[in-house]
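Open the structure in your viewer and keep the selection panel at hand. The stops below are meant to be taken in order.

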Amino acid sequence: MIASLDSRTAPLKRLSTHYVRFLDALRARGFEGEIAPDYANRTVLATDNSIYQRLPQAAVFPKHAEDLERLAKLAAELPHRDVVLTPRGGGTGTNGQSLTDGIVVDVSRHMNQILEIDV
């Protein structure tokens, strides 16, 4: 009975320490989008249009290009090199491309207007 209880509560375990440090540093750097480490957002983004599921550590919803730049610069710093960032648009991939055990960078909430395409 204990094993089944452990498997049911496993997704509710705390976030990995290095991800918590990364998200705290991201806030401190002026990230203006939303940061969602809560279980509800993580569960929604654990699936896409494929048959696969992977529960991410958190989701971030950048508001603009500067937020994307903050994410990339912070992830490139030595203390955060093991943080995984995975971009996500509409989640329509059929092979699990937007799924990760790391941080989902969901651009569909705020960065959803194509202003120009210069072919």
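Select residues 58-61, strand β2, together with strand β4: in this predicted model the two run parallel and are paired over three bridges. For one position in that pairing, show V60, which has V105 of β4 opposite.

Keep β4, residues 103-106, on screen and add the side chains. Which residues point one way, and which the other? I103 and V105 share one direction, while V104 and D106 take the other. All four residues are buried. In general, side chains of a regular strand alternate between the two faces of the sheet.

Next, add strand β3, residues 85-88. The pairing of β3 with β4 is also in the parallel sense, here over four bridges. Pick R88 to find a bridge that has D106 of β4 as its partner.

Now go to strand β1, residues 34-36. β1 runs antiparallel to β2, and three bridges join them. A36 has A59 in β2 as its bridge partner.

With the four strands selected, view the whole sheet. In what order do the strands lie? The order is β1-β2-β4-β3, in an open sheet with mixed pairing. β1 and β3 are the edge strands, each pairing on one side only. On average, neighbouring strands of this sheet are turned by 20° against each other, direction ignored.

Leave the sheet and select L71, which lies in helix α4. Is L71 buried or exposed? L71 has a relative accessible area of 2% and counts as buried because this value is under the 20% cut-off. Show its surroundings: leaving out residues up to four places away in sequence, L71 touches F22, L26, F31, V60, L85 and V105. Two of the strand residues already visited, V60 and V105, are among these contacts. For a distance, pick the C-alpha atoms of L71 and L23: they are 9.6 Å apart, with the two positions 48 residues apart along the chain.

The last stop is H80, in the loop between α4 (65-76) and β3. H80 is a loop residue, yet it is buried, with a relative accessible area of 9%. What does H80 touch? Setting aside residues up to four places away in sequence, the contacts of H80 are R21, F22, A25, L74 and A75. Keep F22 displayed to finish: F22 is in contact with H80 and also with L71.

Notes: Residues are numbered from 1 along each chain as its sequence is written. This is a predicted model: local features need pLDDT of at least 70, side-chain atom pairs count only at pLDDT 80 or more; totals for chains, interfaces and linings use all residues. Side-chain values use heavy atoms; hydrogens and water are left out. Buried means under 20% relative accessible area, exposed over 50%, partly exposed in between (1.4 Å probe, protein chains only). Two strands pair if DSSP finds at least two bridges between them. Contact means heavy atoms within 4.5 Å. Axes are lines fitted to C-alpha atoms, for helices over the stretch in contact, and angles run from 0 to 180 degrees between N-to-C directions.
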